[in-house]
Amino acid sequence: MKHVELYTDGACRGNPGRGGWAAILVYGKHKKELTGGERVTTNNRMELSAALYGLKALQEPCAVTLYSDSRYLVDAIRLGWLDAWRAHGWRRGKEALKNPDLWQQLDEQLSRHTVTPVWVKGHDGHAYNERCDALACAAADVFAEGEPVALPGGDI
């Protein structure tokens, strides 16, 4: 099974507001950058979208180390919150789970791949995290609605 590193970040201009997300896939010497966004969204939606579209971009099941500065995303996977939400009909206790559409799609991708989530401190000099942040902010600023866009130079 291929081992891929996936770096992700989301950005929002207002919360809610225009948002962007970015994912960088790294496999050996190969790298692919993806970006996208939504016209009216939240930061959490963009964080989830980055991970979702990054995993969807993989053409076969892989072992993936997912790096994110979103504790919400990392902890939901690592601490089993996602399993509990699924078991309780995509609810969080007595209230409806926010962003169930993204969580359900992400759950499908997590079952397709072997994913190890790793939290990284944002804005702390980590090269790929900084690159994802710049791409996500740019996507929020120049937003175009739709499916993810592969940036030039990607070869994964």
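**Exercise 1. Is Trp-90 buried or exposed, and what is the sign of its phi?**

Step 1. Take the accessibility. Trp-90 has 16% relative accessibility, so Trp-90 counts as buried. The cut-offs are: buried under 20% relative accessible area, exposed over 50%, partly exposed in between, with a 1.4 Å probe and protein chains only.

Step 2. Place the residue. Trp-90 sits in the loop between H3 and strand E5 (91-92). Helices (H or I, at least four residues) and strands (E, at least two) are DSSP runs, numbered from the N terminus.

Step 3. Read the backbone. Phi of Trp-90 is positive, about 60 degrees, although Trp-90 is not a glycine. Most residues other than glycine have a negative phi, and most peptide bonds are trans.

A note on the source: this is a predicted model, in which local features need pLDDT of at least 70 and side-chain atom pairs count only at pLDDT 80 or more, while totals for chains, interfaces and linings use all residues. Residues are numbered from 1 along each chain as its sequence is written, and side-chain values use heavy atoms, with hydrogens and water left out.

**Exercise 2. Where is His-123, and is His-123 buried or exposed?**

Step 1. Locate His-123. It lies in the loop between strand E7 (114-119) and H5.

Step 2. Check phi. The value is near 55 degrees, positive in a residue other than glycine.

Step 3. Classify. His-123 counts as exposed, because its relative accessibility is 56%.

**Exercise 3. Which residues does the cis peptide bond join?**

Step 1. Find the bond. Asn-15 and Pro-16 are joined by a cis peptide bond, with omega about 15 degrees.

Step 2. Place it. Pro-16 belongs to the loop between E1 and E2.

**Exercise 4. Describe helix H5 and its packing.**

Step 1. Take the length. H5 covers residues 127-141, 15 residues in total. From first C-alpha to last, H5 reaches 21 Å, close to the 21 Å expected at 1.5 Å a residue. The expected span is 1.5 Å times one less than the number of residues.

Step 2. List the buried side. The buried residues of H5 are Asn-129, Cys-132, Asp-133, Leu-135, Ala-136, Cys-137, Ala-139 and Ala-140. An α-helix has 3.6 residues a turn, so residues three or four places apart point the same way.

Step 3. Name the partners. These buried residues pack against strand E1 (3-14), strand E2 (17-27) and strand E3 (30-41). Contact here means heavy atoms within 4.5 Å.

**Exercise 5. How many salt bridges are there, and which parts does Arg-13 link?**

Step 1. Apply the rule: a side-chain nitrogen of Lys or Arg within 4 Å of a carboxyl oxygen of Asp or Glu. The count comes to eight salt bridges.

Step 2. Take Arg-13. Its side chain meets that of Asp-141 in a salt bridge, 2.8 Å from N to O. This pair links distant parts of the chain: Arg-13 is in strand E1 and Asp-141 in helix H5, 128 residues apart.

Step 3. Check exposure. Arg-13 is partly exposed at 35%. Asp-141 is partly exposed at 39%.

**Exercise 6. Which residues form a network with Arg-45?**

Step 1. Start with the pair. Arg-45 forms a salt bridge with Asp-101, the closest N and O atoms being 3.0 Å apart. Arg-45 is in helix H1 (residues 43-56) and Asp-101 in helix H4 (residues 100-112), 56 residues apart.

Step 2. Extend the pair. Glu-38, Arg-45 and Asp-101 are linked in a network of salt bridges.

Step 3. Classify. Arg-45 is buried at 16% relative accessibility, whereas Asp-101 is partly exposed at 35%.
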